[in-house]
Structures are given as C-alpha cells and as structure tokens.
Amino acid sequence: VPLTGKAMVLAGDVVFVAGAPLVFSVFDPAAAYEGRLGGRLWAVSAVDGSKLAEYTLDVLPAWDGMAAAYGRLFFVNQDGSIECWGAGQKQE
C-alpha cells in the first residue's frame with residue numbers, strides 16, 4: 001500500500017488504511033506529510049491482500065483516528081473535523 005499509514009482498521013475481511021500518498025516533490029518534499037496533498041484511503045482484502053477500492057481524502061486523518069462500527073467508517077481528521085462514511089456515501 002503506497003501510503004504513510006496514519007490510520008488502519010480491520011472490518012470483517014477488509015483492512016482500511018488511510019494516510020498521505022507516497023509522493024515527494026523536489027520543490028516541496030514535506031507536502032505529503034504535512035497534508036497539503038490530501039490523503040488516500042485504501043480498502044484491502046484481509047484474505048489475499050488485493051486492493052478492493054481506493055478513495056481520495058480532502059484531509060489527512062489524525063494518527064490512529066479511524067474506527068469501524070455498524071457498517072460505517074469514522075474518521076477524526078488532522079483539522080479537527082469528524083467524518084462518517086457508510087453505504088457508499090460520506091457524511092459529515
């Protein structure tokens with residue numbers, strides 16, 4: 001998974017990993033780590049490691065700031081916002 005891995009949670013047979021993309025610019029090498037490039041969320045099979053889905057995040061999650069319950073993903077973001085994703089839609 002080409003991410004920094006700031007938050008990870010196992011939900012059933014899916015591992016969700018969120019973090020900054022591993023992209024580094026010669027002109028701004030800290031941009032990804034500081035969240036200026038947004039973030040990525042990957043859904044990966046816990047059975048065989050295959051990528052199931054990938055999503056773009058506007059804000060990086062806080063360290064260990066993700067939880068799963070009742071078919072939903074909850075994020076606490078670095079900017080202090082909280083998001084709830086479920087059933088294919090994002091809720092804030």
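## Reading an all-strand chain

Tutor: Let's start with one pair of residues: valine 44 stands opposite lysine 51 in β4. Keep in mind that this is a predicted model.

Student: Which strands does that pair belong to, and how many bridges join them?

Tutor: When you meet a cross-strand pair, look up the ladder around it. Here strand β3 (residues 39-45) is joined to β4 by six bridges, and the two run antiparallel.

Student: In what order do the strands of that sheet lie?

Tutor: To read a sheet, walk from strand to strand through the pairings. This one is an open sheet of four strands, ordered β1-β2-β3-β4, with antiparallel pairing. Its edge strands are β1 (7-11) and β4 (51-57), each of which pairs on one side only. On average, neighbouring strands of the sheet are turned by 15 degrees against each other, direction ignored.

Student: What does the whole chain contain in helices and strands?

Tutor: Zero helices and eight strands. Along the sequence the pattern reads β-β-β-β-β-β-β-β.

Student: How are β1 and β2 connected, and which residue there has a positive phi?

Tutor: Check the pairing, then the turn. β1 and β2 pair in the antiparallel sense over five bridges, and one of the bridge pairs is alanine 11 with valine 14 in β2. Two residues lie between the strands of this hairpin, and glycine 12 takes a positive phi near 65 degrees.

Student: Which residues have a positive phi although they are not glycines?

Tutor: Two to look at are aspartate 64, with a phi of about 60 degrees, and tyrosine 70, with a phi of about 55 degrees. Next, ask where each one sits. Aspartate 64 is within strand β5 (residues 61-69), while tyrosine 70 is in the loop between β5 and β6 (72-77).

Student: Are these two buried or exposed?

Tutor: The cut-off to apply is that exposed means over 50% relative accessible area. Aspartate 64 has 58%, so it counts as exposed. Tyrosine 70 has 86%, so it is exposed too.

Student: How should I read the inside of the chain?

Tutor: The general idea is that in soluble globular proteins nonpolar side chains tend to be buried together. In this chain of 92 residues, buried residues make up 38%. The largest nonpolar core has 13 residues, and those touching the most other members are Phe16, Ala18, Leu41, Met66, Leu73, Phe75 and Trp85. At least two residues of this core come from each of β1, β2 (14-19), β3, β4 and β6. The strand that gives the most is β2, with three residues.

Student: Is there a second core, joined or separate, and which residues does it include?

Tutor: There is a second core, separate from the other; it has five residues, including Leu3, Val15, Trp42 and Val44. That brings us back to valine 44, the residue opposite lysine 51.

Student: What does leucine 73 contact, leaving aside its neighbours within four places in sequence?

Tutor: Contact lists show which parts of the sequence meet. Leucine 73 is in contact with Val9, Phe16, Leu41, Met66, Ala67, Ala68, Glu83, Cys84 and Trp85, once neighbours within four places are left aside. For the chain as a whole, take the contacts with a separation of 6 or more: residues 24 or more positions apart account for 36% of them.

Student: Where do serine 45 and serine 81 lie, and how accessible are they?

Tutor: Buried means under 20% relative accessible area. Serine 45 is found in strand β3, and its 12% therefore makes it buried. Serine 81 lies in the loop between β6 and β7 (82-86); its 22% relative accessibility makes it partly exposed.

Student: Which polar contacts do their side chains make?

Tutor: The side chain of serine 45 makes a polar contact of 3.1 Å with that of aspartate 48. For serine 81, the partner is the side chain of aspartate 79, at 2.6 Å. Beyond neighbours within four places, serine 45 is in contact with Asp13, Ser50 and Leu52, whereas serine 81 is in contact with Phe75 and Val76.

Student: And the outer surface: how much does the chain expose?

Tutor: About 5,500 Å², of which carbon and sulfur atoms supply 57%.

Terms used. Residues numbered from 1 in each chain as written. Predicted model: local features only at pLDDT ≥ 70, side-chain atom pairs only at ≥ 80, totals over all residues. Heavy atoms only, no water. Buried < 20%, exposed > 50% of the residue type's maximum accessible area, 1.4 Å probe, protein only. Contact = heavy atoms within 4.5 Å. Areas by Shrake-Rupley, 256 points an atom, 1.4 Å probe, with all protein chains shown as cover. Pairing = 2+ DSSP bridges. Axes fitted to C-alpha atoms, helices over the stretch in contact; angles between N-to-C directions. Core = buried A, V, L, I, M, F, W, Y, C linked by side-chain atoms within 4.5 Å. Polar contact = N/O pair within 3.5 Å; in protein donor to acceptor, adjacent residues only side chain to side chain.
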